[in-house]
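Let's take a walk through a protein model, going from its big divisions down to one single residue. Have the picture open while you read.

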Amino acid sequence: MSSTDTLATATAVEHDQICKMADAVVVPPAPEKNRRDELFARAKQLLKEKNAVLVAHYYTDADLQRLADETGGYVSDSLDMARFGHEHPASTLVVAGVRFMGETAKILNPEKRILMPTLEAECSLDLSCPIEAFSEFCDAHPDRTVVVYANTSAAVKARADWVVTSSIATEVIAHLHAQGKSIIWAPDKYLGNYVQTVTGADMLMWQGSCVVHERFKAHALASLKQKHPEAAVLVHPESPADVVELADVVGSTTALIKAAQQMDNPAFIVATDNGIFYKMQQAAPDKTFYEAPNAGIGANCESCAHCPWMAINTLENLISTLETGDNEVHVDPETGKQAMVALQRMLDFSAATRNKPVKN
Ligand code: SF4
């Protein structure tokens with residue numbers, strides 16, 4: 001067995017443990033309406049008092065997204081969250097999302113205070129790619145350009161040549177492929193396979209996956225599509241290849257929201273975390289959205305595509321963080337500097353290409 005095989009196997013074994021960790025996350029119940037209104041008002045007041053701005057991911061709770069919208073913050077995918085936090089003048093950024101997003105904000109803004117509602121919010125992709133094993137993998141293939149997805153630790157980003165998000169992965173890999181480069185890709189094997197299919201690049205894949213997207217089921221999706229022939233199918237490329245094959249549009253969260261707004265279909269079946277429905281409904285209020293079928297937790301769950309770690313970001317723990325200053329994100333300065341090199345490549349590339357039309 002080669003060292004590459006060994007590492008791929010080790011990652012696959014860990015994946016079972018990561019799934020168990022995800023299934024064991026205890027998501028607090030949503031508060032009653034009156035209590036929610038109180039919490040919302042308190043969080044709004046605290047953001048102002050502390051001169052803090054809230055940056056929330058599309059997969060977080062709708063209350064947090066609304067709070068960001070109503071307080072001058074921002075709701076987006078991880079690339080635009082990073083951009084916004086970098087450009088905004090506030091001295092404190094509160095990042096509602098998962099840990100790598102807080103770390104990315106800190107890397108881009110070492111002088112700012114970065115708080116998170118919880119530091120317990122993991123990501124299965126990040127967990128699947130520990131720095132020691134990943135470094136060994138890279139060392140075994142020194143002639144390859146190392147491209148990592150944003151869903152990785154600061155240390156893994158520091159080991160990479162490029163960081164990419166799903167909104168820009170295909171373009172970056174196509175660019176490197178055109179230069180004749182061969183690639184190490186980590187950690188999401190499904191996104192990697194999708195990008196490889198589109199670009200034809202030579203990519204050696206890490207074997208990580210997202211515990212939410214990998215659970216979408218092609219067979220059940222095809223049945224749902226038969227029931228709703230008017231609906232277009234929107235799929236995030238972290239999903240398995242047979243699900244991607246059924247898509248009318250494959251793209252990042254931002255690209256899927258744009259598609260829902262711009263396509264003529266009156267309805268959409270959406271294969272990504274259902275937190276995205278808050279922004280999709282806002283972008284296309286007259287359209288109907290169905291969740292793509294997902295095996296979920298428990299046999300009777302047909303559509304519970306929601307990241308448990310995103311779900312533990314709440315108004316309560318956001319308030320607690322703002323009151324106490326706890327849950328500050330720290331990144332070792334040297335690691336941060338090194339990771340910034342790979343992140344800056346993505347930001348520069350994105351700035352140079354952002355006006356080009358989004359490819360479906
Ligand atoms: S939805 Fe998947 S990729 Fe996104 S944070 Fe959760 S585990 Fe990670």
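## Three domains

Start with a distance: the C-alpha centres of domain 1 and domain 3 lie 26 Å apart. Keep in mind that what you're looking at is a predicted model. Here's how the chain is divided up:

| Domain | Residues |
|---|---|
| domain 1 | 24-124 + 310-331 |
| domain 2 | 129-210 + 335-353 |
| domain 3 | 213-291 |

So where do domains 1 and 3 meet? On one side there are 10 residues of domain 1, in contact with eight residues of domain 3. Helix H3 (62-70) and strand E2 (74-76) each supply at least two residues to the side of domain 1 that touches domain 3.

## A sheet of four strands

Now look for an open sheet, built from four strands with parallel pairing, in the order E10-E9-E11-E12. Strand E10 (249-250) and E12 are at the edges; each has a single partner strand, so one side of each has no neighbour in the sheet. Let's zoom in on one pair: strand E11 (residues 267-271) and E12 run parallel and are joined by four bridges. One residue to pick out is Ala267, whose bridge partner in E12 is Thr288. Helix H11 (residues 218-227) packs on this sheet and touches strand E9 (231-235), E11 and E12. The direction of H11 makes about 175° with that of E11.

## Lys287, just before E12

Which loop holds Lys287? You'll find Lys287 in the one between helix H14 (277-283) and strand E12 (288-291). Is Lys287 buried, exposed or something in between? With 18 other C-beta atoms within 10 Å, Lys287 is partly exposed; to be called buried, a residue needs 20 or more. If you skip the neighbours within four places in sequence, the contacts of Lys287 are Ala260, Pro266, Ala267 and Phe268. Ala267 is the residue we just saw paired with Thr288. Try Trp309 too: Lys287 and Trp309 are 22 residues apart along the chain, and their C-alpha atoms are separated by 28 Å.

## Helix H16

Last stop: helix H16 (residues 333-353), with 21 residues. From first C-alpha to last, H16 reaches 30 Å, close to the 30 Å expected at 1.5 Å a residue. There's a bend in H16 of about 30° at Val341. Which residues of H16 are buried? They are Gly336, Ala339, Met340, Ala342, Leu343 and Met346. Their cover includes helix H5 (99-108), helix H8 (154-159), strand E6 (162-164) and helix H9 (169-178).

How values were computed:
Residues numbered from 1 in each chain as written. Predicted model: local features only at pLDDT ≥ 70, side-chain atom pairs only at ≥ 80, totals over all residues. Buried ≥ 20, exposed ≤ 12 C-beta atoms within 10 Å, placed from the backbone. Contact = placed C-beta atoms within 7 Å. Pairing = 2+ DSSP bridges. Axes fitted to C-alpha atoms, helices over the stretch in contact; angles between N-to-C directions. Expected span 1.5 Å × (residues − 1). Bend = angle between axes of the 7 residues up to and from the residue. Domains from an automatic or database assignment.
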